[in-house]
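Got your viewer open? Turn on the cartoon view, keep the sequence panel handy, and let's take a walk through this one together.

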Amino acid sequence: MANGCQPAIGRPGPPLPVTKRTAIAQVACCVGCCCGRTDRGFPPVPVDRLKAVWKEEKLNRTVQLTISGCLGPCDMANVILVMTAAGTEWFGNIDDEATFAAVIAWARACQAAKALVPLPSALDTFRFQRFAEVA
Ligand code: FES
């Protein structure tokens with residue numbers, strides 16, 4: 001039930017409960033008020049392709065895909081974030097299909113390895129700092 005994890009933010013307390021879901025990562029892909037809104041001049045987000053691949057290959061068992069509403073940093077549209085036990089990485093200004101294809105390939109590689117594999121280098125140029133530094 002509990003593995004002894006402590007909250008990353010907040011006060012230490014009793015061990016946290018652990019979900020029965022087996023995913024080792026989660027990708028949130030924004031399609032909010034700006035991301036993917038071609039009618040507003042933003043590049044497309046291949047939502048149908050992402051959903052189809054995840055469903056067909058049952059990738060949610062390893063990497064949960066969440067198609068989300070606005071994640072906040074609209075000035076960086078198109079935005080995705082990748083969450084793992086090690087932390088969260090934000091990527092923005094994604095303007096090409098190839099980068100989404102690299103995310104798909106990464107999720108497939110994680111599933112095949114039954115482990116996290118390094119994020120694709122195709123994402124490197126899209127990484128950004130989401131939150132302001134604490135003064
Ligand atoms: S719509 Fe994607 S960050 Fe706001």
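Here is a tour, one selection at a time, going from the whole chain to single residues.

**Stop 1: the whole chain**

Before you click on anything, keep in mind that this is a predicted model. Now zoom out until the entire protein chain fits on your screen. Its C-alpha atoms fill a box of roughly 50 × 45 × 25 Å, taken along the principal axes. Colour the chain by secondary structure and you'll find two helices and five strands. Follow them from the N terminus and the order reads β-α-β-β-β-α-β.

How many of the 135 residues count as buried? The share is 21% for the protein chain. Contacts are worth a thought too: among those with a separation of 6 or more, 58% join residues that sit 24 or more positions apart.

**Stop 2: β1 and its two partners**

Select residues 25–30, which is strand β1. Add β2, at 63–68. These two run parallel, joined by six bridges. For one spot to look at, find Cys29, which stands opposite Ile67 in β2. To get from β1 to β2, the chain passes through helix α1 (residues 47–57), and this β-α-β crossover is right-handed. Add α1 to your selection and trace that path with your finger.

Next, show residues 80–84, strand β3. In which sense do β1 and β3 pair, parallel or antiparallel? They are antiparallel, with five bridges. Two residue pairs make this easy to check: Gln26 has Met83 as its bridge partner in β3, and Ala28 has Leu81.

**Stop 3: the hairpin**

Keep β3 on screen and add β4, residues 87–91. This pair is antiparallel as well, with five bridges between the strands. β3 and β4 form a hairpin, and two residues lie between them. Click Met83 again: its bridge partner in β4 is Thr88. So you can hop from Gln26 to Met83, and from Met83 on to Thr88.

**Stop 4: the nonpolar core**

Switch on side chains for Val27, Cys29, Cys30, Val79, Ile80, Val103 and Ala107. Of the 24 residues in the largest nonpolar core, these touch the most other members. Where does this core come from? β1, β2, β3 and α2 (97–113) each supply at least two of its residues. The top giver is α2, with six residues.

Now centre on Val27. Leaving out residues up to four places away in sequence, Val27 touches Val63, Leu65, Ile80, Val82 and Val103.

**Stop 5: Ser68 and Arg40**

Jump to Ser68, which lies in strand β2. Is Ser68 buried or partly exposed? It counts as partly exposed because 15 other C-beta atoms lie within 10 Å, while a buried residue needs 20 or more. Setting aside residues up to four places away in sequence, Ser68 touches Ala28, Cys29 and Cys30. Try the distance tool on Ser68 and Lys55: they are 13 residues apart in sequence, and their C-alpha atoms are 17 Å apart in space.

Then select Arg40, in the loop between β1 and α1. Arg40 counts as exposed because it has 10 C-beta neighbours inside 10 Å, and the limit for exposed is 12 or fewer. Draw a line from Arg40 to Val27: the two are 13 residues apart in sequence and 24 Å apart in space, C-alpha to C-alpha.

**Stop 6: backbone oddities**

Three loops are left to visit. Begin with Asn78, in the loop between β2 and β3. The peptide bond from Ala77 to Asn78 is cis, with omega near 5°.

Move on to Asn93, in the loop between β4 and α2. What is the phi of Asn93? It is positive, about 60°, although Asn93 is not a glycine. Asn93 is partly exposed, with 14 other C-beta atoms within 10 Å.

Finish at Lys114, in the loop between α2 and β5 (127–128). Lys114 has a positive phi too, near 55°, and is not a glycine either. With 10 C-beta neighbours inside 10 Å, Lys114 counts as exposed.

How values were computed. Residues are numbered from 1 along each chain as its sequence is written. This is a predicted model: local features need pLDDT of at least 70, side-chain atom pairs count only at pLDDT 80 or more; totals for chains, interfaces and linings use all residues. Helices (H or I, at least four residues) and strands (E, at least two) are DSSP runs, numbered from the N terminus. Two residues are in contact if their C-beta atoms, placed from the backbone, lie within 7 Å. Two strands pair if DSSP finds at least two bridges between them. A nonpolar core is a set of buried Ala, Val, Leu, Ile, Met, Phe, Trp, Tyr and Cys residues joined through C-beta atoms within 7 Å. A crossover is right-handed if, with the strands pointing away from the viewer, the path from the first strand over the helix to the second runs clockwise.
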